[in-house]
Amino acid sequence: MKLNEICEVYSGYAIKEFNNIKKGLPVIKIGNILTDGTLNLGECQFSTEDINEKYHSKKGDIYVALSGATTGKLGIMEDEKKYIINQRVGIIRLKQKSVSQSYIKFFLLKQTERIIDEATGCAQPNISPKQIGEYDVPVFPEKEMLQISDILNNIVCVIKHYKAMIKKYDDLIKARFIEMFGRPFINNLKWESKQIKNVVNEVKYGTSKPSVENGEYKYLRMNNLTYDGRFDLTDLKFISLDNDELEKCVVRKGDVLFNRTNSLDLIGKTADFDFDEDMVIAGYIIRIRLKETIVPKFFSMYMNTDEVKLHLRTIAKGAVNQANINAQELQGIPIYIPPIELQKQFADFVRQVDKSREEVKRSLEKTQQLYDSLMQEYFG
């Protein structure tokens, strides 16, 4: 059946006046739709306009972003409180009782890439509710559709559980760091403090050369460093360099990598390189080689604390989308220096926690593969 045979599919109301003083009804805009399929209802503007009930929220509504960089994002209305749905938010409201809201939610989640592909417009992609309403929904007997929804909902719960476990492991490491060493800048445990330039042997930029097919070395770019100080090698390029240039930008076990150019929110991603094979870094990354007084895992965790992240955003130069911290600015940051044995104890603790974290991560990946496979099987 067509989606518009099962659901009402239309866009929100073109509200003319907004206010931030919580007068009238809160408004759901495309910015309130999050990437995880939920709605951020805590940061709404308000409107006092007298608007038809069809543009008021109903529990069970599915909202889709119809334009902009967030086109295709979905949010499910779980709240019974009344909201106004703004223009460019698509409203998908069940009218066919034999099909569950949950089943339609999973169908639409599978259509996200299609929505993005079909959105037109150079500066700002747009898609109409009419286009989405024409999508063909695979319809089975009601009992079977409920069973499909239950299976997928259960898998989503398991995925959320694994993600929550990973977050707890990460929070445990952060809490242990603060417990052992105190907070950066405050230095409440009164450790010796120096600038980073006094604890490094070498600070080098990566290469600006482009990647090549079948290159000899893995080529680490800023997207391969995660915000929490790890590596993501799923989208990996390769590069070949002659020996002279290689030594300038090769990274080896024990090095620390610092992302010097990125958006303001992501500037300063830092990770200690713990792989056995040599790799090469791109120009937006700085390679740091530390003196023996600093353990790489300790240094990386220090740079990824909330306090240092905030400091990095403060000293970064440039625009919001292209902020920069150069090697000199990096080396001017203060760092406390606890006893080396204590740093090693922390590194050992992280290694033990990471073993458990990796087991959970593998389980998460297998469960995600199952979810993706079933979504393809059910919805094509």
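This passage describes the overall make-up, sheets, helix packing and selected backbone features of a predicted model.

The chain contains 380 residues, of which 43% are buried. Its secondary structure consists of 10 helices and 20 strands. Taken along the principal axes, the box filled by the C-alpha atoms is roughly 70 × 50 × 40 Å. About 20,000 Å² of the chain is exposed, and carbon and sulfur atoms account for 49% of that area. Of the contacts between residues at least 6 apart in sequence, 77% link residues at least 24 apart.

Several groups of paired strands were examined. Strands of a sheet pair through backbone hydrogen bonds, in either the parallel or the antiparallel sense. An open sheet of four strands, with antiparallel pairing, follows the order β9-β17-β13-β15. Its edges are formed by β9 (200-205) and β15 (270-272), each of which pairs on one side only. On average, and with direction ignored, neighbouring strands of this sheet are turned by 20° against each other. Within the sheet, strand β13 (residues 256-259) and strand β17 (residues 285-290) run antiparallel and are joined by four bridges. In this pairing, F258 lies opposite I286 of β17. Helix α7 packs on the sheet and touches β13, β15 and β17. The direction of α7 makes about 165° with that of β15.

A further open sheet comprises three strands in the order β14-β19-β18, again with antiparallel pairing. Strands β14 (261-262) and β18 (317-319) occupy its edges; each has a single partner strand, so one side of each lacks a neighbour in the sheet. The antiparallel pairing of β18 with strand β19 (residues 322-324) extends over three bridges. Within this pairing, K317 has N324 of β19 as its bridge partner.

Strand β2 (residues 25-28) takes part in two pairings. With strand β3 (residues 45-47), β2 pairs in the antiparallel sense over three bridges, and V27 has Q45 of β3 as its bridge partner. With strand β6 (residues 84-85), in contrast, β2 runs parallel and is joined by two bridges. Here the bridge partner of I28 is I85 in β6.

Helix α7 (residues 296-303) also packs against helix α10 (residues 340-379), their axes coming within 8 Å and crossing at roughly 80°. The two helices are therefore roughly perpendicular to each other. On the α7 side, the contact involves K297, F298 and M301, which meet Q343, F346, A347, V350 and D354 of α10. By class, five residues of this contact are nonpolar, one is polar and two are charged.

Helix α5 (residues 142-181) forms another packing arrangement with α7, at an angle of about 100° and with the axes 11 Å apart. The orientation of α5 is thus roughly perpendicular to α7. Residues I173, K174, F177 and F181 of α5 make this contact with F298, M301 and Y302 of α7. Six of the contact residues are nonpolar and one is charged, with no polar residue among them. F298 and M301 of α7 therefore appear both in the contact with α5 and in that with α10.

Helix α2 (residues 101-110) is mostly covered, with seven of its 10 residues buried. These buried residues are S102, Y103, I104, K105, F106, F107 and L108.

Two loop residues were noted for their backbone geometry. Most residues other than glycine have a negative phi. R88, located in the loop between β6 and β7 (89-94), has a positive phi near 75°. With a relative accessible area of 24%, R88 is partly exposed. F185 lies in the loop between α5 and β8 (192-195), and its phi is likewise positive, near 70°. The relative accessibility of F185 is 38%, which places this residue in the partly exposed class.

Key:
Residues are numbered from 1 along each chain as its sequence is written. This is a predicted model: local features need pLDDT of at least 70, side-chain atom pairs count only at pLDDT 80 or more; totals for chains, interfaces and linings use all residues. Side-chain values use heavy atoms; hydrogens and water are left out. Axes are lines fitted to C-alpha atoms, for helices over the stretch in contact, and angles run from 0 to 180 degrees between N-to-C directions. Angles under 35 degrees count as roughly parallel, over 145 as roughly antiparallel, 65 to 115 as roughly perpendicular and the rest as oblique. Contact means heavy atoms within 4.5 Å. Ala, Val, Leu, Ile, Met, Phe, Trp, Tyr, Cys and Pro count as nonpolar, Asp, Glu, Lys and Arg as charged, and the others, Gly among them, as polar. Buried means under 20% relative accessible area, exposed over 50%, partly exposed in between (1.4 Å probe, protein chains only). Accessible areas come from the Shrake-Rupley method with a 1.4 Å probe; for residues, only the protein chains shown count as cover. Two strands pair if DSSP finds at least two bridges between them.
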